[in-house]
Structures are given as C-alpha cells and as structure tokens.
Amino acid sequence: MRAEAMSGTSLLYNLRFRAILYQVIAVAGIVLLGLYLFSNVSQKLAEQNIATGFGYLSREAGFVISQTLIDYKPTDTYGRAILAGIVNTVWVSAWSVVLATVIGLFVGIARLSRNPLLAFLAFLYVEALRNVPLLLYLFLWYALIVTGLPGVREAWEVMPHVFLSNSGLTVPSLVWSGAHTTVLLALVLGGILAVVFHRRATAERIRTGQARTMWPWIALAVLLPPALALLIAQPDLAVDLPEKGRFRLTGGAQLRPEFTALLVGLALSASAGIAEIVRSGILSVRKGQWEAARALGLRDGSTMRLVVLPQALRVIIPPLTSSYLSLFKNSSLAIAIGYPDLVMVSNTTMNQTGQAIEGIAIFMLVYLGLSIMISVFMNWYNSRVALKER
Amino acid sequence: MIQPKSMVRWLAMSLIAGVAAVSAAPASAQSTLDTVKKRGKILCGVSPVAPGFSYADDKGVRRGFDVDICRAVSAAIFADPDKVEYVPLNTNVRFQAVQSGEVDILSRQNTWSFTRDASLGLDFGPVVFYDGQGLMAPSKLNVKSAGELADAAICLLPGTTTLQNLEDFFRPRNIKYESVVFENSDEWRNAFFNGRCDAITTDRSDLASVRAIANDPSQYVVLPETISKEPLAPTIRQNDPNWRDILNWSVYALIGAEEKGVTQANVDEFLKSEDPEIQRMLGVNGDFGKMLGLDNKWAYNIVKSVGNYGEVFDRNLGPKTRLGLTRGPNELWTKGGLLYAPPFR
C-alpha cells in the first residue's frame, strides 16, 4: 500500500489523494472565478469612468434620518448614516422577534385548545396571516394608521399629555441625563442579584429539602441598588411634555407610524409561522407524558409549562431559527412604508454617490453577518435544550 | 486512469467557458447608432408614471414630454417617431440601466449634476427642462413660505438629490424638520394627502403632477421658494461621441425649429424657404445629416412627426393641459428664457 502511494502513476488511484485533489481544484476554480469577476468589474468600471472604492464612507452625508437610536446629524459621514440604518434594522427586528415569539406561543397553544371556538379563532388567525404576502400587510397596517387616525392637528388626547394621531403616539418623556443611566444600571444590577439569590435558594432547597422564606431577600436585592442610586445620583425629574405646535406635536417621545406598522406587520406575519411551529412541537411530545404529568397531579397549565414545552423546544428551536432569520431579512421591506432601515439609508447613499456596487456589498455583508450571528446564537441555544443522553 | 484526468479536463474546460461567457457580456465596442439601427428601435428609459412627462394614455400608448424627446431621436434615425421601446425605470435603477446598456437614452426628468456627470460614466444631453425643487402644502395650513416649516414633517422620495437639497436649504436657516422617505410614489402621495406630512417636496414640474392627481387640486398650494437648480437633461453612456451628437442635435433641432417658427403644420412650406440656415437644418442644402451618420432629412423628420419644442411643451405640460405649467425659464432666449440652440452651420 505504501509502495503504491509513493509511485507517481498510482498516486491518482489513492482515494484520499484524489478526494483532496478534487477539492483543491474546486476551491482554486472558485477563487479564480471570483478574482476574475472582481478584476473584470473593476476594469470595466474604470473604463466607464465610474468611481469606485469605499472612500465615500468618510464624506459628509448631508441628509436627515428622522428616527435614529444613535446620535446622527446630517453633517455626519455616510459611514455613520449607514450605521444608524443598521441600528434601526436591528432595533425593529429585535422587538418584532420578541413580539412574534410571545404571540406565536399563545396562538400555537390556542390552536390545540379543547375549546373549539378558541381553536377555530387561532386557526383563522394563522391562515389569514401566513397566506398573504407581508408587503401587502405592511401597506394595510400603514394605511390603517395613516388614514384611520386623525391628523396631528386634530390629535386625539387619550390621556392628559398623551396624543394619538396619524403621526404616531406621542407621550411625555424624561429629560435624560447621566443620573438616569446610573439608576437604570442599578435596576439591572438589582435584577441580576435577585436571579442569583433565587437560584441559590432553589439549589439549597433541593440539597437540604427545606424551603426557607426567601422573598424578602429577593425584594431587597431588587430594590436596594436603585434606591441607593436614586439617593446618590439624584436624577432630575424634569418631564418633557408634548405640546401642539404649528405643524407637529413638539417635545415628548414619539412612536412613529412607520415603525409601528413595520413592527406590527413583521411580528404578526412571523407569529403565524411560529404558532404552527409551536403546535408541531407540542404535538411531537407523546401523549404518555401528558398522562404521566396528570397522574402526578399537575394541572394543565403546569403540565404544559413544566413537562411538555421543555420537551417540545427540541423540535421547535431549529425551524424557529429559520423564522427569526426570515423575519430579520423581511425587515428590509421597511423601505416601502418609509422606515429608515439599512436598505433605505444605503439606497439614499447609493443615489447620492452613485456607487451602487459598494453600497449593495455593504448591506449584503451586514445582512449576512447579522444572520450568521442569529444562527450561531440559536444553534447554541438548541444544543442547550437538546436531549442530554446520560 | 481515464476518469480523474477527464474530470480535471472537464473542470478546466467549464472554468474557461464560464470565464469566456462572463467576459463576453459587457461589450461596448460597437457604436450605439449601429446597434440601434440593427435592432430597429431605440431603448428609451422613462418614468413609470409621471403625468405630463411619461404616462400610458387610455389606449396604452406612452405619451409625455420625456417620451417626445425619444420620439424625436427615433424620427431623426428612422424617419419614424415610433421605433422606440420604452423601459419604465424607477429612480433607484435609472443610471445603472444606462451604464449597463439596458437603455440607449434615459429621458426621465434626470437632473444634470457634477457628480453624476463626472463619476457615473454618464454624459448629459442639452437641458430640455429647467426645473427646481419646490414644496407644496395644504392651503388650510396657511403656509406662505418654506421658511415657516419649522418642526414640520415633509414627505419625499429617495433616490434623488431631494433629501440633500432640503438639508442644504434648511440647515443655514437653522430649521429642524422631520423627513419621511418613501420608495413608492403612491405611498408617498397618499401619506401627504392623508396628512402624515405637512408638506411634500420634489421638482416643481413633478409637484404639478402630484397636484393634478389630488381629488381637489385647489386645496394645495405650491410654496414660492425654488430651493435648488434642477436642469433636466436626457442621459447617455460616456463612451460614444457620435451618439451624444445625435442626441444633442435632435434636441437642438426642436429648439431651432421653434426659433425659426417652423412647426409640424408648416414644415413642408419651409422646405421652400430662402433662409440658408433653415435650408441646412431641413436638409435642403448641405450634408448635415450625413455628418451625424443620419439621413439629410433628419431634422425635417423630427419636426414633421414630433413638432418643435414649443409644440412639445404645450401638448404635454402647457396651460391647456392638466399640469397647466407656463414656460417660465423654458422659453426661448429671444423671449427672455434660457433655451438656446447653437447655429446650424
């Protein structure tokens, strides 16, 4: 065998060598093709006098983006404008994922309800939402908001200083400062402390078999850090109240109709798919598990929460990952109803600079990168809930 | 022994074939005129729906000011204004469509600007319409000028310089505003009509179209400010000087004909004119058409089938149309406007 592998002619007969050779050739071919395409494109662009390169990212953007989470002014660069677009995309996708998961879970369970009316309503919900293209729903939700609600000058004052109009929901807001951030961080710290306390108490109870009264400690853990922070940092409690100006409501915080329509559209459409995934997951858990849980004296709700759902998760997570990914990518439909996501900002950039190839490359890379991050996270979670064979 | 070798060969061959196919695609050696003549028609990029500029009439025939520019070029080349295939393009893809050769002429209310001319591999023909960005607001808001629009929400379309012009206008005046940008022009108009925005902005010619679409146009007023210069000019690729000459002189023939008083109705009488410039223009004397690679009757054919600039303007945009635009700067230089054709000599 070794002698054969050494000689030149028979090397080709070596299966392992051949397998590697084919792969090397395939990879080399793809790389060459890629290089060729790249040089071809650059050459043609140069011949046609079309500007190339990413230098434009550091030039002044000169256009406004109306809803941004990060600080952005028109005097900032194109790079920062695109970053603001990315943050907007992530922001609306993240809220949609949360909303879609919660709604999907409840509708999925309702689909299996023994109450025929509830089961039928859930069935209608799922079929109505998953059988119509998302874009049409986006137009519908947006049109409902914009034509259904009164104009901003006739805004409807739901509660004192809370206005609802076709320009969105405007509420009073705190004038934010560093002190507020301190209190917020303290609140998060308190939450983390409470979780740690609770875990340790549970572990203790399992070990010793004795339950101690823990809730005063947990309450203290939640409340103490923010209370201290309030005392020390003394945040200013000034409130910015929205007022009717000549055209708009000025001041306060605003939930804009473009964001709302996109959030609702994405979340509802995805929730229909998620409901079906949840239903299939629950059905995949054998009847015997229900019966065993009942025999132990668990009620329906507890059976679902403690016995069925944890097992159903193994079936639910992989297709759920796909749902999240498509929701994330569907957020690019934002451009149809005027929400400034990554695609819209890139489009404006491309049209001002004329550099379409670079613009599209950026947003493809961003979508690819973020999608891979979602996949990696979900795969990690999947391996955590996967059946542990002991 | 045979299999792996043939496998390698197959891989190599397919790779070469792939490369050859890719490199064959973006050819640009042949002149645009030859390509157009061989194809038998011009590919003309236009707006999908822009009343007055480019729209399909009730019989499905495309009409409008931008459309007539392509029809004039078609008449110059084929002695027939209708050898044109119209490609509706939205603002986002229009320049790529020219760069990639998908259209021969882009006649789509495009603004001629420095970066477009210098960095996109494009050439611009003569300005066919002097436009400027304006704003329109509902009359019930009682807005007298754009400077009053502090804190207002303004609806606009992406893919144009509109957003940048707005910023250039408001920043020095220290006015904050909210921009709501729509990809789709129906959504954009509806958001404005429904009061999501307090004002809408685009080129003034386009504002006239939006107003013409409204249920009651009298409820909307166009504000007096013109916040930018928007010289609209047909656009072509930068690699063909002859094609550029054909486009330029087709437009100049429209303007020149109006200067000389030549119209669709009287062009045949002008064939007997004693004016040497008219004789050269209409191909009675000289070989002007040949110099462009066209028939000597090229300009005659343009005027005969499309009319002169004034006729094209009045038919599509003028006071008697729904848009009801006046000539303004789009008047001949002899009448105080900006239109000026170089001499035919």
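Tutor: Before we look at this predicted model, one definition is needed: a residue is called buried when its relative accessible area is under 20%, exposed when that area is over 50%, and partly exposed in between.

Student: What makes strand β8 of chain B mostly covered?

Tutor: Strand β8(B) takes in residues 133-138, and six of its six residues are buried, that is, each has a relative accessible area under 20%.

Student: Which residues point one way from β8(B), and which the other way?

Tutor: B:Q133, B:L135 and B:A137 point one way, B:G134, B:M136 and B:P138 point the other way, and all of them are buried. In a regular strand the side chains alternate between the two faces of the sheet.

Student: How do you know that β8(B) pairs with strand β11 of chain B?

Tutor: Two strands pair if at least two bridges are found between them, and four bridges join β8(B) to β11(B), residues 199-203, with the two strands running antiparallel. One of the residues involved is B:M136, whose bridge partner in β11(B) is B:I200.

Student: How many bridges join β8(B) to strand β12 of chain B?

Tutor: Three bridges join β8(B) to β12(B), residues 220-222, again in an antiparallel arrangement, and since at least two are needed, these strands are therefore paired by the definition. B:M136 stands opposite B:V222 in β12(B), so B:M136 has a partner in β12(B) as well as in β11(B).

Student: Turning to chain A, how do you know that the length of helix α12 agrees with what its residues should span?

Tutor: Helix α12(A) holds twelve residues, 342-353, which at 1.5 Å a residue should span 16 Å, and its end C-alpha atoms are 16 Å apart, so the two values agree. The expected value is reached by multiplying 1.5 Å by one less than the number of residues.

Student: Why is α12(A) called largely enclosed by the rest of the structure?

Tutor: Twelve of the twelve residues of α12(A) are buried, and the helix is therefore largely enclosed; among them are A:L342, A:M344, A:N347, A:M350 and A:N351.

Student: What covers the buried residues of α12(A)?

Tutor: The cover includes α4 and α13 of chain A, together with α5, α6 and β10 of chain B. Just after the helix comes A:G354, whose phi is positive, near 75°.

Student: How many residues of chain A are in contact with chain B?

Tutor: In chain A 53 residues are in contact with 51 residues of chain B, and the two chains bury about 4400 Å² between them, 55% of it on carbon and sulfur atoms. On the side of chain A, A:F247, A:R248 and A:N351 lose the most area to chain B, together 15% of what that side buries.

Student: Why is the link between B:E178 and A:R256 called a salt bridge?

Tutor: The rule asks for a side-chain nitrogen of Lys or Arg within 4 Å of a carboxyl oxygen of Asp or Glu; in this pair the closest N and O atoms are 2.6 Å apart, so the rule is met. Across the interface of chain A and chain B the rule finds six salt bridges, while the count of residue pairs in polar contact is 14. The largest share of the side of chain A that touches chain B, ten residues, comes from α3(A).

Student: What makes the pair A:S167 and B:R196 a polar contact?

Tutor: Their side chains are joined at 3.4 Å, and the cut-off is 3.5 Å, so the distance falls within it. A:S167 lies in the loop between β2 and β3 of chain A, and touches residues including A:R248, A:R256 and B:G195.

Student: Is A:S167 buried or exposed?

Tutor: A:S167 has a relative accessible area of 1% and is therefore buried. A:H161, in the loop between β1 and β2 of chain A, has a value of 33% and is therefore called partly exposed.

Student: What phi does A:H161 have?

Tutor: A:H161 has a positive phi of about 70° although it is not a glycine, and B:A79, also not a glycine, has a positive phi of about 60°. Most residues other than glycine have a negative phi. B:A79 belongs to the loop between α3 and β4 of chain B.

Note on methods: Residues are numbered from 1 along each chain as its sequence is written. Chains are lettered from A and ligands numbered from 1 in the order in which they are written. This is a predicted model: local features need pLDDT of at least 70, side-chain atom pairs count only at pLDDT 80 or more; totals for chains, interfaces and linings use all residues. Side-chain values use heavy atoms; hydrogens and water are left out. Buried means under 20% relative accessible area, exposed over 50%, partly exposed in between (1.4 Å probe, protein chains only). Contact means heavy atoms within 4.5 Å. Buried area is the accessible area (1.4 Å probe) that two parts lose on being put together, summed over both. A polar contact is a pair of N or O atoms within 3.5 Å; within protein, one must be able to donate a hydrogen and the other to accept it, and residues adjacent in sequence count only if both atoms are side-chain atoms. Lists of a residue's contacts leave out its neighbours within four places in sequence.
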